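Could you walk me through this structure stop by stop? I have it open in my viewer and would like to know what to select next and what I will find there.

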Number of protein chains: 2
Amino acid sequence: MTNGKEATLHQRILSDIEGRIVSGEWPPGYRLPFEVDLAIQYGCSRMTANKVLTHLARAGLIERRKKSGSFVAQPVTQAAVLEIHSIEAEVRSLNLSYSYRLERRVRREASAIDRQHLELSEPAPVLDLVCLHHAGERPFCLEERLINLTTVPEAEGEDFSSSAPGTWLISQIPWNTAEHRIYAQSASAEVAKTLDISRNAACLVIERRTWGSTGPVTFVRFIYPGDRHALVARFTPGGES
Amino acid sequence: MTNGKEATLHQRILSDIEGRIVSGEWPPGYRLPFEVDLAIQYGCSRMTANKVLTHLARAGLIERRKKSGSFVAQPVTQAAVLEIHSIEAEVRSLNLSYSYRLERRVRREASAIDRQHLELSEPAPVLDLVCLHHAGERPFCLEERLINLTTVPEAEGEDFSSSAPGTWLISQIPWNTAEHRIYAQSASAEVAKTLDISRNAACLVIERRTWGSTGPVTFVRFIYPGDRHALVARFTPGGES
DNA sequence: CGGATTATTATGTATATACATGTTCATCCA
DNA sequence: TGGATGAACATGTATATACATAATAATCCG
């Protein structure tokens with residue numbers, strides 16, 4: 001940011017236009033100069049101008065219409081990108097020591113609820129895990145997880161006694177689709193006891209369902225003491241870089 | 001998706017490579033063919049192959065190193081894109097009737113807490129609003145908002161008795177940066193009464209701080225009954241399109 | 001033999017060019 | 001006058017080309 005160091009032509013044009021849009025100098029609905037004119041203004045070829053505009057369109061800052069030109073878009077939805085990283089990394093970033101404990105490990109046939117969680121239509125064997133993550137001395141997060149043994153049969157060979165299943169799974173299933181659900185819930189008696197918080201204290205619950213190329217992989221529920229933990233997300237138009 | 005309709009060469013190459021990565025055929029760490037080889041394989045120019053790889057790199061699916069080549073990236077962070085849209089749209093998407101009521105509207109000098117929320121270092125006048133959003137007959141969400149009158153003096157002329165301040169603000173401040181904080185909290189006596197839920201019921205709280213080009217714009221806190229509401233986010237590698 | 005120098009290689013950026021595609025606007029003719 | 005036709009226009013996609021840059025491999029020489 002504001003590097004000063006010689007940026008590429010592409011970057012300079014991009015941040016210049018981005019600046020005009022974000023500052024409000026070019027308000028929503030404003031028609032920006034045509035590609036050819038931008039090319040002349042910045043002393044570059046149309047291809048370069050085109051690339052910049054394509055980039056801005058992908059980022060959602062402008063809308064492009066053939067013949068009509070390119071227009072500054074209306075800032076409709078506030079998109080927040082949450083990076084849900086590993087719990088160990090999260091704890092360590094708080095400068096606390098991290099420890100992990102496996103509380104339960106059961107192999108069984110998927111119950112009706114399990115099948116709902118994993119979006120399974122057929123009966124299947126699952127691995128039911130409960131883990132507790134500590135930050136320093138205190139319990140930090142409770143993890144309840146189901147692993148679909150049909151898609152990840154290798155999980156049966158792992159005992160997960162020393163390392164959390166999340167990181168192991170990432171190395172097994174290279175890329176996947178995920179769906180998150182975030183909500184608040186009062187601690188049940190059991191959860192309160194495990195997390196060492198008072199009964200009915202508000203908890204932040206994050207559920208994640210993951211699919212690989214061969215089907216549902218895992219369903220996991222993270223339960224955090226709500227007052228001690230918060231998800232933080234930042235959104236800047238144009239994003240990334 | 002799986003359109004069948006004649007896609008562009010760019011799109012075809014992109015989805016082909018994306019498919020290989022997502023399916024695991026090309027696992028993390030795998031070195032994909034060089035640009036020139038891809039160009040030959042798909043019968044296109046190097047520029048086209050380059051564009052595709054650039055796209056994939058931006059999407060986070062691959063990493064590129066000069067001289068060495070392009071490699072399938074490790075799926076490190078699970079990024080979830082939350083689209084935090086307007087409450088009215090949210091309620092209507094549930095097929096419920098929407099109504100809005102302004103509970104409080106006070107103009108005052110920013111208190112110490114206000115200044116902390118808005119990240120203000122200097123004293124400044126603010127508008128303090130409390131609104132209640134209804135879905136059908138029931139209270140849906142409580143909105144507590146501070147508007148910085150230094151950056152948005154026009155807000156003083158608005159009474160917000162019939163329409164929510166959020167939508168009005170979007171039309172005033174064209175583009176902005178936002179920071180979100182999501183956590184769980186037990187309902188205070190006051191909140192419980194307003195939302196018609198039991199005392200100490202878990203609530204989902206979403207705080208948003210917004211900046212425009214001229215400084216802090218607004219701080220808003222949305223309080224939802226936690227059991228009735230959830231944020232849902234989906235993540236697919238490659239994303240968008 | 002080892003450290004400095006040079007060559008090679010793959011990506012990064014930019015240009016000029018060409019043709020396709022979808023709109024809008026002007027024109028022409030029944 | 002109205003509706004079809006086609007020209008003009010702006011973006012979309014693709015190519016060939018050129019040179020810059022960074023990292024590795026090969027070479028040379030004290």
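Here is a short tour in four stops. Keep in mind as you click along that this is a predicted model.

**Stop 1: the two protein chains**

Start by selecting chains A and B together. A rotation of 180 degrees, with 0.0 Å of shift along its axis, lays chain A over chain B with an RMSD of 0.2 Å. That is how a two-fold axis relates two copies. Now colour the contact residues: 100% of those in chain A recur in chain B, so the same surface serves both copies.

**Stop 2: DNA strand C**

Next, select DNA strand C and display the protein residues around it. There are 22 of them, and those that come nearest are Leu9(A), Thr48(A), Arg46(B), Met47(B) and Arg64(B). Which part of the DNA faces the protein here? Of the strand C atoms within 4 Å of the protein, 71% belong to sugar or phosphate, and the rest belong to bases.

Three phosphate contacts are good places to zoom in:

- At Thr48(A), an N or O atom of the side chain is 2.3 Å from a phosphate oxygen of strand C.
- At Leu9(A), a polar backbone atom is 2.5 Å from a phosphate oxygen of that strand.
- At Glu35(B), look at the backbone again: one of its N or O atoms lies 3.0 Å from a phosphate oxygen of strand C.

Zoom out to see the elements that give two or more residues to this surface. Chain A provides α1 (9-23) and α3 (46-58), while chain B provides α3 (46-58), β2 (62-65) and β3 (69-72). If you colour the surface residues by character, you will find nine charged, eight polar and five nonpolar.

**Stop 3: helix α6 of chain A**

Leave the DNA and select residues 165-172 of chain A, which form helix α6. Its buried residues are Pro165(A), Trp168(A) and Leu169(A). Turn the view to look down the axis of α6(A): the buried residues fall within an arc of 100 degrees, so they line one face of the helix. To see what covers them, add the chain A strands β5 (98-109), β6 (125-135), β7 (138-148) and β10 (215-225), which are among the covering parts.

**Stop 4: Asp128(A)**

Finally, go to strand β6 of chain A and pick out Asp128(A). Is Asp128(A) buried or exposed? Asp128(A) is buried, with a relative accessible area of 8%. Show its side chain together with that of Arg104(A), and you will see a polar contact of 3.1 Å between the two. Leaving aside residues up to four places away in sequence, Asp128(A) touches Arg104(A), Arg105(A), Val106(A), Arg108(A), Arg145(A) and Leu146(A).

Note on methods
Residues numbered from 1 in each chain as written. Chains lettered and ligands numbered in written order. Predicted model: local features only at pLDDT ≥ 70, side-chain atom pairs only at ≥ 80, totals over all residues. Heavy atoms only, no water. Buried < 20%, exposed > 50% of the residue type's maximum accessible area, 1.4 Å probe, protein only. Helix = DSSP H or I, 4+ residues; strand = E, 2+ residues; numbered from the N terminus. Arc of directions from axis to C-beta. Contact = heavy atoms within 4.5 Å. Least-squares fit on C-alpha atoms with pLDDT ≥ 70 in both. Near = heavy atom within 4 Å. Polar contact = N/O pair within 3.5 Å; in protein donor to acceptor, adjacent residues only side chain to side chain. Nonpolar A, V, L, I, M, F, W, Y, C, P; charged D, E, K, R; others polar.
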